[in-house]
Amino acid sequence: MSCHILGAGAIGLRFADKLLQQGVDVSLVLRDQAQLEAYQKVGSRIQVFSHSGLDEWSVPATLPTDADPIAQLLVTTKAFEAEEALTSVAHRLTPDSEIVLLLNGYGVQQRIAHSHSQLAIWAASTTEGANRNQSFTTRLAGEGLTQIGALSDSANGYPSGWENLNNLNLSSSIDEVLWRKLAINCCINPLTVLFDCQNGGLVTLPEARELLLDVAEEIEQVSGYLSKPLFEQSLAEQALYVAQQTGTNISSMLQDHHAQRRTEMGQITQAFIDIAKSAGLDTPVASELQIRLNALGVLR
C-alpha cells in the first residue's frame, strides 16, 4: 500500500514518519509549484525530531494536478482547507481509494463522508503533539494516542497498512471521539489566544481558569441535551488535566494568530455555537468568547 499525504504540516510529517517506519510507501501532495520547489531545495527530504533522535526520510512529492492515481489519501490540512484540498485531487481518486481525515474541528469530516459516500473514509483524532519549526521539519512535543474509526459503510477495520502503527486504536464510535476532541479544543485553544499564553496558563491564571470552567459547563449542558457523551469526570476536570499535561505547548490556534494566519476558530468555537443553535440552544459564554476574539483580530 502507498499513502499520499495532503497537508505537509507538523502532524502530516509526524504521520509520514509513523507510516514509513511500518514500511508504507509515502508521498506528499504539495500545495503548488512554489512549495514543490521549496521542498526540492531541501533535498526532497523530511525530518522528524523526537526524544529518540532524528528520523530523516527521502519522500517523493507530487502536485494536486498530477495524474497518477491515489490508493490511500491522508488529509492533515487545516479543517477549513480540507474540502477544497480534497476536491483538488478528486480526479486522482478511484473507486477503491481509501481516505483518512485527521483534522481538527467537527462537521467537516461528516460533510466529506457524505459527499464522497462511495469511498472508504475514516476519521481520526490524535493527542500527538508536534511543532513545525521550519518547512518539512517537525519536532515531536509528546507521544499520544490516535483513535480512528469508519465514517462510511465501506471502511472496514483499519486503513491498509495502519494496523501496526504505534498508539493507534480502532474506535467503533468515532463521532463521539470527534465530539470529545471538539469539546477539549473549545476549552483550550481559543482561551490560549485570548490570554496569549501556553496551555499551562489556563491552569495558573485565575481569569483564564475561571473562563475555562464556564466554557466547559456550557459545553456539558449542550452535550447533555444532544445526548453526546463526554468523559467520566467533568469536562472542566478533563480540560484542566490536558492543559496541565501539555503545559509548555503553544496551541496551533495561538501559533496561527501570532503568524497572522487564518485560525480554525470557525471549525472549533463557531462549530459548537452553530450545532447548539441548530438545536435551539443558546451559548452565551461561547458567543461572548467569540466576540472578544473577533475584537483581537483573530482570523477565521
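The exercises below concern a predicted model, and each is followed by a worked solution.

**Exercise 1. Determine the strand order of the sheet of 8 strands, and state which strands stand at its edges.**

Step 1. The order is β5-β2-β1-β6-β7-β8-β11-β12, in an open sheet with mixed pairing.

Step 2. β5 (61–62) and β12 each have a single partner strand, so one side of each lacks a neighbour in the sheet, and these two are the edges.

Step 3. For one pair inside this order, take β8 (residues 120–126) and β11: they run antiparallel and are joined by 5 bridges. Within this pair, Trp122 stands opposite Ala150 of β11.

Step 4. Helix α1 (residues 10–21) packs on the sheet, where it touches β1 (2–6), β2 (25–29), β6 (70–75), β7, β8 and β11. The direction of α1 makes about 170 degrees with that of β1.

**Exercise 2. Classify Thr94 and Ser152 as buried, partly exposed or exposed, and list what each touches.**

Step 1. Thr94 is located in strand β7 (residues 93–102). Its relative accessible area is 29%. The partly exposed class lies between 20% and 50%, so Thr94 is partly exposed.

Step 2. Setting aside residues up to four places away in sequence, Thr94 touches Pro69 and Leu119. Thr94 and Leu119 are 25 residues apart along the chain, and their C-alpha atoms are separated by 8.4 Å.

Step 3. Ser152 belongs to the loop between β11 (146–150) and β12 (168–170). Its relative accessibility is 9%. Buried means under 20%, so Ser152 is buried.

Step 4. With residues up to four places away again left out, Ser152 touches Ser117, Leu119, Ala120 and Ile121. Leu119 thus appears among the contacts of both Ser152 and Thr94.

**Exercise 3. Describe the sheet of 4 strands and the pairing on either side of β10.**

Step 1. This open sheet has the order β4-β3-β10-β9, and its pairing is mixed. β4 (53–58) and β9 are the edge strands, each with a single partner, so each has one side without a neighbour in the sheet. From one strand to the next, the twist averages 25 degrees.

Step 2. On one side, β10 pairs with strand β3 (residues 45–50) in the parallel sense over 3 bridges. Gln47 has Thr137 in β10 as its bridge partner.

Step 3. On the other side, β9 (residues 129–134) and β10 (residues 137–142) run antiparallel and are joined by 4 bridges. Here Gly129 is bridged to Gly142 of β10.

Step 4. β9 and β10 form a hairpin with 2 residues between the strands. In the turn, Phe136 has a positive phi of about 65 degrees.

**Exercise 4. Find how α5 and α7 are oriented relative to each other, and which residues make their contact.**

Step 1. The two helices pack at an angle of about 155 degrees, and their axes are 10 Å apart.

Step 2. Angles over 145 degrees count as roughly antiparallel, and α5 and α7 therefore fall in that class. Their crossing is right-handed.

Step 3. From α5 (174–194), the contact uses Trp179, Ala183, Cys186, Cys187, Leu191 and Leu194. From α7 (206–225), it uses Ala208, Leu211, Leu212, Val215, Ala216, Ile219 and Ser223.

**Exercise 5. Place helix α10 and Phe272 in the largest nonpolar core.**

Step 1. In helix α10 (residues 269–278), 7 of the 10 residues are buried. They are Thr269, Gln270, Ala271, Phe272, Ile273, Ile275 and Ala276. These residues pack against α5, α7 and α11 (284–295).

Step 2. The largest nonpolar core has 44 residues, and Phe272 is among those with the most contacts inside it, together with Cys187, Leu202, Ile219 and Leu235. Two or more residues come from each of α5, α7, α8 (235–245), α9 (252–258), α10 and α11. The greatest contribution, 13 residues, is from α5.

Step 3. Neighbours within four places in sequence aside, Phe272 is in contact with Trp179, Leu182, Cys186, Glu218, Ile219, Val222, Thr283 and Ala286.

Step 4. There is also a second, separate core of 29 residues, which includes Ile5, Leu28, Leu102 and Ala124.

Step 5. After α10 comes Gly280, with a positive phi near 80 degrees.

Key: Residues are numbered from 1 along each chain as its sequence is written. This is a predicted model: local features need pLDDT of at least 70, side-chain atom pairs count only at pLDDT 80 or more; totals for chains, interfaces and linings use all residues. Side-chain values use heavy atoms; hydrogens and water are left out. Two strands pair if DSSP finds at least two bridges between them. Buried means under 20% relative accessible area, exposed over 50%, partly exposed in between (1.4 Å probe, protein chains only). Contact means heavy atoms within 4.5 Å. A nonpolar core is a set of buried Ala, Val, Leu, Ile, Met, Phe, Trp, Tyr and Cys residues joined through side-chain atoms within 4.5 Å. Axes are lines fitted to C-alpha atoms, for helices over the stretch in contact, and angles run from 0 to 180 degrees between N-to-C directions. Angles under 35 degrees count as roughly parallel, over 145 as roughly antiparallel, 65 to 115 as roughly perpendicular and the rest as oblique. A crossing is left-handed if the near helix is turned anticlockwise from the far one by less than a right angle, and right-handed if clockwise.
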